[in-house]
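Here is a short tour of a structure for you to follow on screen. Take a look at the model first, and then read on.

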Amino acid sequence: MITAFLITWRSLWRGKTLWILLAAVVAAHFLLPGLVRSDGSAAGRLEMHVRVVCGTVSALMCVASLALACGSFARERDAELLPLVLVRPISAFSVAVGRWLALVVLVGVMLAVNAALVNVVPFSSGLTPPDCKVHHSPSLPPAEVAAAEAMAAFLASERTPEAVKKAPRAAVLALLTAKENERYEVVRPGKSISLPFDVPAGERLAARTRFSTMYNTRMALNGIFRYRDCEGTVSNSTQAILDTPLVPRADILSLTVAPGAGDVLRDLSLTFTNTGRSDVMLRPRRDVELLAPGDSFFANSLRATGEMMALAGLLAAFGFFLSAALSRPVALFTAVVLLSAALMAPDAVSQFPDEFQTTAGEKAGLAISRAVTRFTAALSEISPVSDLASGRAIPMRELIGAIVADMVAWPCIFLGLSAFVLRRKVR
Amino acid sequence: MVETVIELKGVEKTFRDFWMRPLAQAVRGLDLEVRRGDVFGLIGPNGSGKSTTIKMVLGLIRPTRGTVRLFGLDPRAKAARTRLGYLPELSHLHPFLTAEETVLYYAGLSGMKRAAARARTAELLEELKLSHVRRRTVGGFSKGMARRVAIAAALVASPELLILDEPTSGLDPIGTREVKELVGRLAAGGMTVLLTSHQLFDVQDICNRVAVVSAGRQVGGGVVADIVAAARDKRHALEEYFEERLNAQKDEQ
């Protein structure tokens, strides 16, 4: 395994791949920010820097690891070098793991350089690195449960047409789940909405409201958020995402009561009271979050780096499998097609959720998109660059999950398959 | 009793297409036995199934029918592969590695310890007259030099069995003579060698036993000394025997 690792590393080193990638990472930090305009604020500048630069570096690493892996075994097979390896008393799996590790280390080095630069370059002009926030969503029952209840009521109702009752249950359930996720509630002027949260007391919290421009649900937002003994006032008509700091009510009155003094209050609902003159429309599952203080930008950037590395590691393992099974151009083409499908499928599913209104061809496309989405769901759940840019603290369990799945479980499967296929492709 | 190093019994190999339809029958009922200390020549015209036979011996492909045993083991067994050295027909090497790194790489793949691998590599590079270029990348080597590096890589783990596919292919007369001398030295040291070659003159010089294969079948073979003794032209004895066996097979058909 070490031998396979060393030879791959030497080829990357002497083939100048390492230096080209390193130059690209450094150039991204110093050139890209000058090409992209932010809203002018310090936070906006930082967000743009992180989103554009780290997004570019992350994409570059994913593409590089996939492309290098796709060329690995295929090129050696073309050069008839594989038999020389396979006749040695070393398992093909060890060879595959050694090569994969070399690529993972290469990506790791590049991402470490990226993490170092992202902690230095944007802050070199005196800007203080902001702390990240832990995002809490309302503790509502899963959308599937709510959808199942709605479906039961739907089927029990006499008003539901018989033809609709005979529709495929899985399809109806998927439809209702999608609807439940997008369900919104209208808050009339002077009225309130309560959403359950389970966030520890005593923290300096902020309520985040997000408004999807797709629905164009408001012109202005005016109101008061209350959670436990804290409250915050919001009055805004321009921003799509609003963070409202929640301050202990006692502080507002006397500024003498310590944080957490309101622990005695056990109301675990975030209440929003609409004090404006127009309706406010909120999607409970999408538009409201509570933000609690997280740790430093540096720590978050390390976790984001770990997730990016896991993603690149998974793609590299998949690339090795393709490389073992196919010729280099076919492996690259297949990788690009599958990667595109994985990126587009979630959008296809969310844009065309109603399969009752589509043709047979579209239904087939939707079924494929659903299958791809389900298969790549774990990948879609992690978005390290977006999290780092928006200041969302990446949970440790999310990072560990990504490492276990993308750096251990899936690579073992793909590299095992690579070893299996390699022996069968010798002619 | 002399140990059998390679044993093929009723071996057949049929290549198939994606739909498992037969494409070509490369080997048809081949029986072969190579004993310890033999320098065994597998000779035959192009497309006779020599390379397929060697790949089956190496465990790279499996026979469709029959059995292949290496040191009494399955050729894919780690214990069998540990005792094996292989030189392919063309010296494909990683162009970005130096001569020394190339040999060390294959030593590593053979599971050798670092110190032992270094000592053995230095010894082989010296023996094959490559010491002065050991730090040069093999991408810039001539065919002959690359061949010698490949031979060093095949020998680095001190194998008991050396399989050489066209060992003198692409070499000039001096290089050919050196390889023949090397094989002679290895055989004298007790190493078993299986080789294929179209250079029948070389095979006659190096080997003690041969098998002639044609269209996947063994059509002749025996002890080289006996073949030479029975031949009219002693210098071209194997060539004469080879032609006679192929003509005999054509007549049978």
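## A parallel pair of strands

In this predicted model, strands β6 (residues 161-165) and β7 (residues 192-196) of chain B run parallel and are joined by five bridges. If you would like a pair to look up, B:Asp165 has B:Thr196 in β7(B) as its bridge partner.

## The sheet and its helices

Both strands belong to an open sheet of six strands in chain B, with mixed pairing and the order β5-β6-β7-β3-β8-β9. At the edges are β5 and β9 (217-223) of chain B, each of which pairs on one side only. Direction ignored, neighbouring strands here are turned by 15 degrees against each other on average.

Helix α1 (residues 50-58) of chain B packs on this sheet and touches β3 (39-43), β5, β6, β7 and β8 (209-214) of chain B. The direction of α1 makes about 150 degrees with that of β6(B). Helix α5 (residues 143-155) of chain B also packs on the sheet, touching β5 and β6 of chain B, and its direction makes about 165 degrees with that of β5(B).

## Two domains in chain B

Chain B divides into domain 1 (4-83 + 160-252) and domain 2 (91-159). Their C-alpha centres lie 25 Å apart. Domain 1 of chain B gives eight residues to the contact between them, and domain 2 of chain B gives five. On the domain 1 side, three residues are nonpolar, two polar and three charged.

## Where the chains meet

The contact between the chains takes 21 residues from chain B and 19 residues from chain A. On the chain B side, α2 (78-81), β5 (84-87) and α3 (99-109) each give two or more residues, with the largest share, four residues, coming from α3(B). By class, this side has twelve nonpolar, seven polar and two charged residues.

Notes:
Residues are numbered from 1 along each chain as its sequence is written. Chains are lettered from A and ligands numbered from 1 in the order in which they are written. This is a predicted model: local features need pLDDT of at least 70, side-chain atom pairs count only at pLDDT 80 or more; totals for chains, interfaces and linings use all residues. Two residues are in contact if their C-beta atoms, placed from the backbone, lie within 7 Å. Ala, Val, Leu, Ile, Met, Phe, Trp, Tyr, Cys and Pro count as nonpolar, Asp, Glu, Lys and Arg as charged, and the others, Gly among them, as polar. Domain bounds come from an automatic or database domain assignment. Two strands pair if DSSP finds at least two bridges between them. Axes are lines fitted to C-alpha atoms, for helices over the stretch in contact, and angles run from 0 to 180 degrees between N-to-C directions.
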